[in-house]
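Me: I am new to this structure and would like to understand the words used to describe it. Could we go through them one at a time, with the reasoning behind each?

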Amino acid sequence: MCRGGRRRSGSAGRDHASHRSRRNSGELDQRICQGGQLEAARKRARAHGGLPVRAAADRAHAGIKPDRPEWARSAAAPNRNQGKPVTPKTILTIAGSDSGGGAGIQADLKVFAALGAYGTSVLTAVTAQNTRGVDAVLPLPPRTVTEQLDSVLADFTVRAVKTGMLGTPAVADVVAQAARDGRLPQLVVDPVLVATSGHRLGVVGAVERLLPYARVATPNCAEAAAITGRPVDDLAGMVVAAEALAAGGPEHVVVTGGDLGGDEAVDVLHGGGVTTLLRGPRVDTRHTHGTGCSFSAAIAVRLALGDPVPAAVGAAKEYVLRALSGARSWELGAGRGPLDHFGWSA
Ligand SMILES: Nc1ncnc2c1ncn2[C@@H]1O[C@H](COP(=O)(O)OP(=O)(O)O)[C@@H](O)[C@H]1O
Ligand SMILES: Cc1ncc(COP(=O)(O)OP(=O)(O)O)c(N)n1
């Protein structure tokens with residue numbers, strides 16, 4: 001159950017008008033609704049319960065390695081590029097360090113590498129953390145964050161940026177100022193607030209500073225609830241929250257349903273007045289540490305490669321599905337282990 005603490009104005013009660021459905025790319029079942037009322041959303045949510053687990057699950061469980069784009073293959077082997085200079089697509093993550101390597105900066109850099117992008121990083125905080133939980137958090141001074149940002153952005157052509165744990169409002173201000181100045185292209189904001197273990201990693205007031213600049217925001221249900229001030233504990237609530245959050249600034253919002261349970265993992269994407277339900281099979285594993293970080297990092301890579309937002313989100317969901325499937329057989333730490341980012345278990 002995801003319940004938020006703080007109420008924020010928005011268009012949570014906005015009307016919806018019509019609803020249609022379609023299949024998307026044969027991999028994930030997406031349903032699109034434009035407009036409609038809360039009750040209609042609830043009915044849809046009930047009607048859509050228990051959809052069949054589809055072939056994607058079988059393929060993922062059988063173990064399919066992450067795709068690498070053609071350009072990334074040449075970048076990895078420059079001699080095949082006949083001596084021409086190669087510039088890998090460069091992504092920046094602005095996030096906290098997870099000493100256990102499963103979430104935060106470490107997860108982001110693994111995702112970038114797995115999907116063929118070059119990763120740069122700006123640390124906002126250092127956490128002492130493992131698969132069992134967070135033991136300590138040290139936020140970094142805003143000035144240190146500014147210095148890292150300046151160094152990276154002065155030297156690299158960054159194609160997309162993702163933010164994760166910001167820690168303090170002062171650090172969020174630094175990042176928001178950079179976004180306002182147009183220095184953070186294709187910004188994906190993962191509004192990290194609380195680790196699944198329960199440790200607080202951020203505050204609503206900090207993530208709110210960044211949301212207006214996001215091309216895509218990726219709150220989970222608890223984060224969406226905390227920001228909108230409304231409970232988000234079912235599909236209908238996710239639809240309402242996605243619309244309310246998009247009204248507050250982000251071009252697109254994906255409310256992720258990883259924590260909702262059921263046979264499927266359903267996300268709600270809202271942008272441009274269109275709401276899309278992304279349905280995928282749920283992988284039965286406890287090794288889900290860093291799932292949200294990995295999802296938003298994969299979206300950033302796909303945006304950098306030129307995907308439109310819906311395609312980027314769909315590809316990211318498929319990547320996470322594969323990485324979770326691989327993690328089922330992992331024994332890393334005693335708690336909630338990390339994802340199999342490179343398809344090693346496949
Ligand atoms: N067990 C699972 N099986 C398949 N997909 C999952 C599972 N858990 C999460 N996901 C997917 O991973 C992405 C991140 O979601 P979520 O777990 O809600 O983020 P967070 O880690 O921030 O709570 C979403 O696309 C969600 O549907
Ligand atoms: C340093 C750091 N950043 C973010 C998180 C949260 O990771 P996330 O993928 O959102 O979710 P959980 O792994 O907590 O379920 C973190 N733990 N540490």
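Me: What makes the approach of Asn 220 to Ala 222, at the start of α8, a polar contact?

Reply: A side-chain oxygen of Asn 220 comes to within 3.1 Å of the backbone nitrogen of Ala 222, at the start of α8. A polar contact is a pair of N or O atoms within 3.5 Å, where within protein one atom must be able to donate a hydrogen and the other to accept it, and residues adjacent in sequence count only if both atoms are side-chain atoms. The helix itself follows a rule too: helices (H or I, at least four residues) and strands (E, at least two) are DSSP runs, numbered from the N terminus. As for the setting, this is a predicted model, in which local features need pLDDT of at least 70 and side-chain atom pairs count only at pLDDT 80 or more, whereas totals for chains, interfaces and linings use all residues. Residues are numbered from 1 along each chain as its sequence is written, chains are lettered from A and ligands numbered from 1 in the order in which they are written, and side-chain values use heavy atoms, with hydrogens and water left out.

Me: Why is Thr 228 called buried?

Reply: Thr 228, which lies in helix α8, has a relative accessibility of 5% and therefore counts as buried. The term buried means under 20% relative accessible area, exposed means over 50%, and partly exposed lies in between (1.4 Å probe, protein chains only). The side chain of Thr 228 also has polar partners: one of its polar atoms lies 2.8 Å from the backbone oxygen of Ala 224, and a polar atom of that side chain lies 3.3 Å from the backbone nitrogen of Arg 230.

Me: How do you know that α8 is mostly covered, and what covers its buried residues?

Reply: Seven of the eight residues of α8 (residues 221-228) are buried, namely Cys 221, Glu 223, Ala 224, Ala 225, Ala 226, Ile 227 and Thr 228. Their cover includes α7 (204-210), α9 (235-247) and β9 (252-255), where contact means heavy atoms within 4.5 Å. Just after this helix, Gly 229 takes a positive phi of about 75°.

Me: Why are Tyr 118 and Phe 156 called stacked?

Reply: Rings of Phe, Tyr and Trp (its six-membered ring) pair if their centres lie within 6.5 Å, and planes under 30 degrees apart count as stacked, over 60 as edge-to-face and the rest as tilted. By this rule there are three aromatic pairs. The ring centres of Tyr 118 and Phe 156 are 5.8 Å apart and their planes stand at 25°, so this pair is stacked. Tyr 118 belongs to strand β4 (residues 118-130) and Phe 156 to the loop between α5 (142-155) and β6 (158-163), so the pair ties together parts that are 38 residues apart in sequence. Tyr 118, at 41% relative accessibility, counts as partly exposed, and Phe 156, at 31%, counts as partly exposed as well.

Me: What makes Trp 330 and Trp 344 a stacked pair, and is each of them buried or exposed?

Reply: Their ring centres are 6.4 Å apart and their planes lie at 15°, so this pair is stacked. Trp 330 is buried, with a relative accessible area of 15%, whereas Trp 344 is exposed, with 64%. Together with Phe 342, Trp 330 and Trp 344 form one aromatic cluster.

Me: Which residues are closest to ligand 1, and how much of this ligand does the protein bury?

Reply: Ligand 1 is surrounded by 16 residues, of which the closest are Thr 256, Gly 258, Asp 267, Val 283 and Gly 292; a residue is near a molecule or strand if one of its heavy atoms lies within 4 Å of it. A nitrogen atom of ligand 1 is 2.7 Å from a polar backbone atom of Val 283, and a backbone N or O atom of Gly 292 lies 2.9 Å from an oxygen atom of the ligand. Taken alone, ligand 1 exposes 560 Å², and the protein buries 92% of that, with accessible areas coming from the Shrake-Rupley method with a 1.4 Å probe and, for residues, only the protein chains shown counting as cover.

Me: Which element gives the most to the shell around ligand 2?

Reply: Helix α10 gives the most to that shell, with three residues.
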